[in-house]
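The following exercises treat backbone geometry, helix packing and charged side chains. Each task is followed by a solution in steps.

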Amino acid sequence: MRSELSATSTLFEANRARGAVRFDVHARAGVTRRGALHESGSLRVRFPSPEDQGLSGVFVNTAGGVAGGDRFDVEIAAADGARLTLTTAAAEKVYRTPGAAAQLNIALKVGAGAHLAWLPQETILFDRARVQRRFDIDLDEAASLLLCEIVVFGRTAMGERMEQGEFIDRWRLRRGGRLVFAETVRLDGDIGGKLARPAVAKGGAAIGTALIVPGDEALVERIREASESFSGEVGISAWNGFAMARFCAQDAARLRADMMTVLARTGAALPRLWLN
């Protein structure tokens, strides 16, 4: 029996997905173009529609989702003056696992006068999914960033609910080499019970974060002016030269609508895939 379990475990480990994307973009005569690109495993990035000035990219996971033990690494550098918008071809699904957590590592570097918009579609966690995600962001003092993430704990429209699992989300933001924001969110074990608590999500099944650099009180007030249109809970504040909006809703559709309202107030242009 032990040998059979060991063989099954070895086979499971051998079939874990690995994927990595690393590239940089540069601005020449006011036009952003891709530099060196490295892709490996099941992660790809495509640049479907060249624009007059900026560049748009779409990530594609050919593994069809994320399972326990998978690992995906993304490393992107936007050189001085470049403009880059990134999204995903579809919502990313993280499936249940009895074993190790999936690992998602994202490193973003943005140079002086450059702008990077990180706007993936939702990450959907199924019951008993386990995932650990890490963001390391390095901005020049004169860089700008719009980073939005939506996490869904079970598809409520399908009658699904995440009861057990693990979600660890680590964010580190440096600006001009100085650490200006550090946060680690950890939900594990009885996730459904924790989300039901009033001080956590009050029964909400979707959470989101929008990080906006630079951001100030004027931007905060502009977003708050739209508060009557929000269908979920939205909080916004600014400090250390950036603004952050937090979202919580009963389902992904409501949170996505609130996120789109906030992004519109920042003047951001949404990727076409968000509008389909």
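P214 is located in the loop between β15 and α3, where helices (H or I, at least four residues) and strands (E, at least two) are DSSP runs numbered from the N terminus. The model is a predicted one, in which local features need pLDDT of at least 70, side-chain atom pairs count only at pLDDT 80 or more, and totals for chains, interfaces and linings use all residues. Residues are numbered from 1 along each chain as its sequence is written, and side-chain values use heavy atoms, with hydrogens and water left out.

**Exercise 1. Backbone geometry in loops**

Determine which residue is joined to P214 by a cis peptide bond, and identify where R128 and N240 lie.

Solution.

Step 1. The cis peptide bond links V213 to P214, with omega at about -5°.

Step 2. R128 belongs to the loop between β10 (123-125) and β11. Its phi is positive, near 70°, although R128 is a residue other than glycine.

Step 3. N240 is placed in the loop between β16 and β17. N240 is not a glycine either, yet its phi is positive at about 55°.

Step 4. For accessibility, buried means under 20% relative accessible area, exposed over 50%, and partly exposed in between (1.4 Å probe, protein chains only). R128 has a relative accessible area of 40% and is therefore partly exposed; N240, at 39%, also counts as partly exposed.

**Exercise 2. The packing of helix α4**

Establish which residues of α4 are buried, and explain why they lie on the same side of the helix.

Solution.

Step 1. Helix α4 covers residues 252-266, 15 residues in total. From first to last C-alpha, α4 reaches 21 Å, close to the 21 Å expected at 1.5 Å a residue; the expected span is 1.5 Å times one less than the number of residues.

Step 2. The buried residues of α4 are A252, L255, R256, D258, M259, V262 and L263. Because these residues cover an arc of only 165° around the axis, they are on the same side of α4. The arc is that of the directions from the helix axis to the C-beta atoms.

Step 3. The general background is as follows. An α-helix has 3.6 residues a turn, so residues three or four places apart point the same way.

Step 4. Exposed residues A253 and A264 are carried on the face turned away from the buried side of α4.

Step 5. Contact is defined by heavy atoms within 4.5 Å. The cover over the buried residues of α4 includes β12 (144-153), β15 (206-213), α3 (217-224), β16 (233-239) and β17 (242-249).

Step 6. At the start of α4, a side-chain oxygen of D251 comes to within 3.2 Å of the backbone nitrogen of A253. After α4 comes G267, with a positive phi near 85°.

**Exercise 3. Charged pairs around D136**

Find which residues form salt bridges with D136, and state which side chain of opposite charge is nearest to R172.

Solution.

Step 1. A salt bridge is a side-chain nitrogen of Lys or Arg within 4 Å of a carboxyl oxygen of Asp or Glu. By this rule, the count is 18 salt bridges.

Step 2. R134 pairs with D136, the closest N and O atoms being 2.7 Å apart. D136 also forms a salt bridge with R170, at 3.3 Å between the closest N and O atoms. The D136 and R170 pair links distant parts of the chain, with D136 in strand β11 (residues 130-139) and R170 in strand β13, 34 residues apart.

Step 3. R134 is partly exposed at 36% relative accessibility, D136 is partly exposed at 23%, and R170 is partly exposed at 22%.

Step 4. R172 lies in strand β13 (residues 164-175). R172 is buried yet has no salt bridge, and the nearest side chain of opposite charge, D136, is 6.3 Å away. Here Lys and Arg count as positive and Asp and Glu as negative, while His and the chain ends are not counted.

Step 5. Not counting residues up to four places away in sequence, R172 touches several residues, among them F135, D136, L179, F181 and E183.

**Exercise 4. The surroundings of D70**

Decide whether D70 is buried or exposed, and list what D70 contacts.

Solution.

Step 1. D70 is situated in the loop between β4 (55-61) and β5 (71-78).

Step 2. With 3% relative accessibility, D70 counts as buried.

Step 3. Leaving aside neighbours within four places in sequence, D70 is in contact with R16, A17, R18, G65, A101, A102 and Q103.

Methods:
A polar contact is a pair of N or O atoms within 3.5 Å; within protein, one must be able to donate a hydrogen and the other to accept it, and residues adjacent in sequence count only if both atoms are side-chain atoms.
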